[in-house]
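Visitor: I would like a close look at one part of this structure. Please take the packing of its helices as the way in, and work outward from there.

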Amino acid sequence: MNLIDLLEDLAVGKKVATPAYQQLTTEVLADELRAKAFGITIAQVEEVIKERSSLFPIIYPEVLQFCHNIGFEQSSDVLLTLWNLWLPLAINLAANRQQLERPLIQGIVGGQGTGKSTLAAILKIILKHLGYHAVSISLDDLYKTYAERLLLIEQDPRLIWRGPPGTHDLQLGLSVLEQLREADQQSNILIPRFDKSAKKGAGDRTQPELIQAVDIVLFEGWFVGIRPITPTAFEHQTASFVTETDKLFARDMNARLSEYLPLWQLLDRLILLYPVDYHLSQEWRLQAEHQMIAAGKSGMTDSQIKEFVNYFWKSLHPELFIKPLITHPSYVDLVIEINADQSIGAVYRPCDRLP
Ligand SMILES: Nc1ncnc2c1ncn2[C@@H]1O[C@H](COP(=O)(O)OP(=O)(O)OP(=O)(O)O)[C@@H](O)[C@H]1O
Ligand SMILES: O=C(O)[C@H](O)CO
């Protein structure tokens, strides 16, 4: 039986016959790296399929509705991604949370437009069904205010756009993440929020959100968990840093990354969304800005977005800062590759990809 047809049956709560169960078992084990990443072994695969199948019809309608609302039209993609990634990942996060006596801080890192905030939103929905209250916070929520960034430009005219190290309020970030990490069911925590459409797309901090209880924190951002690299690495990078000015900027941004280390120390785990080609960020980020503008908000023009994404690459280049992480087990726990059409590619732990 075709997997999509099978998942459609599961989604509407139809009883699945034994051969179909066996097919699901075989399919789940066939992708060895993904099975390992979710801790699935031959010994307990039946239990895994049973759990996933019973949750599937409960969770699918709300996830599908969310996906349709944000313009993912293909229900078959939603079925497959929910089965193969979102649901097992959420179950995994819940298991990791259970091992702690405090909220879990799960980092999600990935270049611009790789789908970090969308993934966080979908995980939140699934985790709610599993009985966990997840809260998402973006590195973007920690941006300095518009007024503070204007002052910053006076000190360092190179920080003309929001984004790179130096444009965030680190004290605010530390205070919020520490509160979240220690939170109990009675806590009241104000989460800062950032509105990208404010100030004609330059963005500004907006009303904070009051949250009460939290089990899992999804902390996402384009350089969450990224550490400084050895400065000699810039010597060999000729294509992207054409001028000496660019090289100096890259070196300075690398140095400023060390200011973020106390924040990264609060992460319990880190997921990397890794596009098959980092240039795709350009198109995806453009698409996201168009969606924001179509929703009646203001945003950046196409040429501003192009410059903006380029600027991000110049500050922390993905080939230098992100690519090495796919085989770095001590920093990243899970890699999710993103195909050019934004579908999910390989899913693996860096430790399973080591030569
Ligand atoms: N699984 C997916 N399939 C198709 N499109 C997706 C998927 N995930 C995200 N998108 C689309 O890609 C664009 C970027 O997604 P999203 O805003 O979640 O990325 P991001 O990594 O949080 O971006 P940024 O770094 O700019 O904050 C959006 O237009 C979103 O609708
Ligand atoms: O809009 C932004 O600030 C960047 O895309 C990082 O999320």
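Guide: What follows starts with one pair of packed helices and then moves to a second pair, the ligand shells and a few single residues. The model is a predicted one.

Two packed helices are described by the angle between their axes and the distance between the axes. For helix α2, residues 18-30, and helix α4, residues 45-69, the angle is about 110 degrees and the axes are 10 Å apart. Angles from 65 to 115 degrees count as roughly perpendicular, and α2 and α4 are therefore roughly perpendicular to each other. The crossing of α2 over α4 is right-handed. On the α2 side the residues that meet α4 are Tyr 21, Leu 24, Thr 25, Val 28 and Leu 29. On the α4 side they are Val 45, Glu 46, Val 48 and Ile 49. Sorted by class, this contact holds seven nonpolar residues, one polar and one charged.

Ile 49 can be taken as a single residue of this contact. Ile 49 belongs to helix α4, and apart from residues up to four places away in sequence it touches Tyr 21, Leu 24, Thr 25 and Val 28. These four residues are also among those that α2 brings to its contact with α4. Ile 49 counts as partly exposed because 19 other C-beta atoms lie within 10 Å, where 20 or more would make a residue buried. The C-alpha atom of Ile 49 is separated by 38 Å from that of Val 176, a residue 127 places apart from it along the chain.

Further along the same helix, Val 63 also lies in α4. Val 63 has 23 C-beta neighbours inside 10 Å and so counts as buried. Leaving out residues up to four places away in sequence, Val 63 touches Val 78, Leu 82, Trp 86, Ile 122, Ile 125 and Ile 126. For one of these, Ile 125, the C-alpha separation from Val 63 is 7.0 Å, with their positions 62 residues apart along the chain.

Ile 125 falls within the range of α6, residues 116-129, a helix that supplies at least two residues of the shell around ligand 1. That shell has 18 residues, and the closest are Gly 115, Lys 116, Ser 117, Thr 118 and Gln 342. By class the shell around ligand 1 divides into five nonpolar, ten polar and three charged residues. Helix α11, residues 280-294, also supplies at least two residues; with five, α11 gives the most to this shell.

Helix α11 is also one of the second pair of packed helices. The axes of α11 and helix α12, residues 302-315, come within 10 Å and cross at roughly 135 degrees. The two helices are therefore oblique to each other, and α11 passes α12 in a right-handed crossing. From α11 the contact takes Ser 281, Gln 282, Arg 285, Leu 286 and Glu 289, and from α12 it takes Asp 302, Ile 305, Lys 306 and Val 309. The classes here are three nonpolar, two polar and four charged.

Arg 285 appears again in the shell of ligand 2, together with Gln 112, Asp 140, Arg 162, Gly 163, Lys 196 and Trp 222. One nonpolar, two polar and four charged residues make up that shell.

Two loops remain. Pro 103 sits in the loop between α5, residues 75-98, and β1, residues 104-110. With 25 other C-beta atoms within 10 Å, Pro 103 is buried. Beyond its neighbours within four places in sequence, Pro 103 is in contact with Leu 180, Arg 181, Ala 183, Val 214, Asp 215, Ile 216 and Val 217. The C-alpha atoms of Pro 103 and Val 217 are separated by 7.0 Å, although the two residues are 114 apart along the chain.

The other loop lies between β3, residues 189-195, and β4, residues 204-211, and holds Lys 199. Lys 200 is found in the loop between β3 and β4 as well. Phi is positive at Lys 199, near 50 degrees, and positive at Lys 200, near 55 degrees; neither residue is a glycine. Lys 199 has 15 C-beta neighbours inside 10 Å and counts as partly exposed, whereas Lys 200 has 11 and counts as exposed.

Methods:
Residues numbered from 1 in each chain as written. Chains lettered and ligands numbered in written order. Predicted model: local features only at pLDDT ≥ 70, side-chain atom pairs only at ≥ 80, totals over all residues. Axes fitted to C-alpha atoms, helices over the stretch in contact; angles between N-to-C directions. Parallel < 35°, antiparallel > 145°, perpendicular 65-115°, else oblique. Left-handed = near helix turned anticlockwise from the far one by under 90°. Contact = placed C-beta atoms within 7 Å. Nonpolar A, V, L, I, M, F, W, Y, C, P; charged D, E, K, R; others polar. Near = placed C-beta within 6 Å. Buried ≥ 20, exposed ≤ 12 C-beta atoms within 10 Å, placed from the backbone.
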